[in-house]
Amino acid sequence: TGIAVSKVFRVTLDGSHQWFAGDGVAKSVDGDLKTASLSNPNGIASDKKKKILYISEYGPGGGLRKIKLN
């Protein structure tokens, strides 16, 4: 059984992972990477220059979130 976690993790090829974004609460609230809420993130893509991440959300309102990377 899996547990839904409304966070985004950075995963490396060796399988290690690190919390990247989202506070774990299933809502759509903007904020800094670690304080923003994501509503059940279920897809992720980046732009060609890898400066922006797009995260799709599966929830009552659905949606697409955008994270600018430095």
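Glu57 is found in strand S4, which covers residues 52-57, in what is a predicted model. With a relative accessible area of 7%, Glu57 is buried, since buried means under 20% relative accessible area. Its side chain takes part in polar pairings on two sides: one polar contact, of 3.0 Å, is made with the side chain of Ser28, and another polar contact, also given as 3.0 Å, joins the side chains of Glu57 and Arg65. The pairing of Glu57 with Arg65 also counts as a salt bridge, with an N to O distance of 3.0 Å, and both of these residues are buried. Leaving out residues up to four places away in sequence, Glu57 touches Lys27, Ser28, Ser37, Leu38, Ser39, Asn40, Pro41, Asn42, Gly62, Gly63 and Arg65.

The salt bridges come next. The structure holds two salt bridges, and Asp30, Glu57 and Arg65 are linked by them in a network. Besides its pairing with Glu57, Arg65 forms a salt bridge with Asp30, in which the closest N and O atoms are 2.8 Å apart. Because Arg65 lies in strand S5 whereas Asp30 lies in the loop between S2 and strand S3 (41-46), this pair ties together parts that are 35 residues apart in sequence. How do the two partners stand with respect to the surface, buried or exposed? Arg65, at 12% relative accessibility, counts as buried, while Asp30, at 67% relative accessibility, counts as exposed.

The loop between S2 and S3 also holds Leu38, and Leu38 is buried, with a relative accessible area of 4%. Apart from neighbours within four places in sequence, Leu38 is in contact with Ser6, Val8, Ala21, Gly22, Val25, Ala26, Lys27, Glu57 and Arg65, so that two members of the salt-bridge network, Glu57 and Arg65, are included in its surroundings. The C-alpha atom of Leu38 is separated by 8.9 Å from that of Ile55, a residue 17 places away along the chain.

Asp30, Leu38 and Arg65 appear again in the lining of the largest pocket, which is formed by Ala21, Gly22, Asp30, Gly31, Asp32, Leu33, Ala36, Leu38, Arg65, Lys66 and Ile67. The elements that give two or more residues to this lining are strand S2 (17-24) and strand S5 (63-68), and the largest share, three residues, comes from S5. The volume of this pocket is about 160 Å³. By residue class, the lining divides into five nonpolar, two polar and four charged residues.

Backbone geometry singles out two further positions. Asn40, which lies in the loop between S2 and S3, has a phi near 50°, a positive value in a residue other than glycine. Asn40 is partly exposed, with a relative accessible area of 28%, and is one of the residues touched by Glu57. Lys50, found in the loop between S3 and S4, likewise has a positive phi, near 55°, and is again a residue other than glycine. At 61% relative accessibility, Lys50 counts as exposed.

Strand S3 is represented here by Ser46, which is partly exposed, with a relative accessible area of 39%. Not counting residues up to four places away in sequence, Ser46 touches Ile52 and Leu53. The C-alpha atoms of Ser46 and Leu64, 18 residues apart along the chain, are separated by 12 Å.

The accessibility of the residues discussed above is set out here.

| Residue | Relative accessible area | Class |
|---|---|---|
| Leu38 | 4% | buried |
| Glu57 | 7% | buried |
| Arg65 | 12% | buried |
| Asn40 | 28% | partly exposed |
| Ser46 | 39% | partly exposed |
| Lys50 | 61% | exposed |
| Asp30 | 67% | exposed |

Which residues are linked in the network of salt bridges? They are Asp30, Glu57 and Arg65, and among them Asp30 and Arg65 also line the largest pocket.

Key. Residues numbered from 1 in each chain as written. Predicted model: local features only at pLDDT ≥ 70, side-chain atom pairs only at ≥ 80, totals over all residues. Heavy atoms only, no water. 1 Å grid on protein atoms, 1.4 Å probe; cavity = no way out; pocket = protein on both sides within 12 Å on 5 of 7 lines; lining within 4 Å. Points joined across faces, edges and corners; volume = space filled by probe spheres on them. Helix = DSSP H or I, 4+ residues; strand = E, 2+ residues; numbered from the N terminus. Nonpolar A, V, L, I, M, F, W, Y, C, P; charged D, E, K, R; others polar. Salt bridge = Lys/Arg side-chain N within 4 Å of Asp/Glu carboxyl O. Buried < 20%, exposed > 50% of the residue type's maximum accessible area, 1.4 Å probe, protein only. Polar contact = N/O pair within 3.5 Å; in protein donor to acceptor, adjacent residues only side chain to side chain. Contact = heavy atoms within 4.5 Å.
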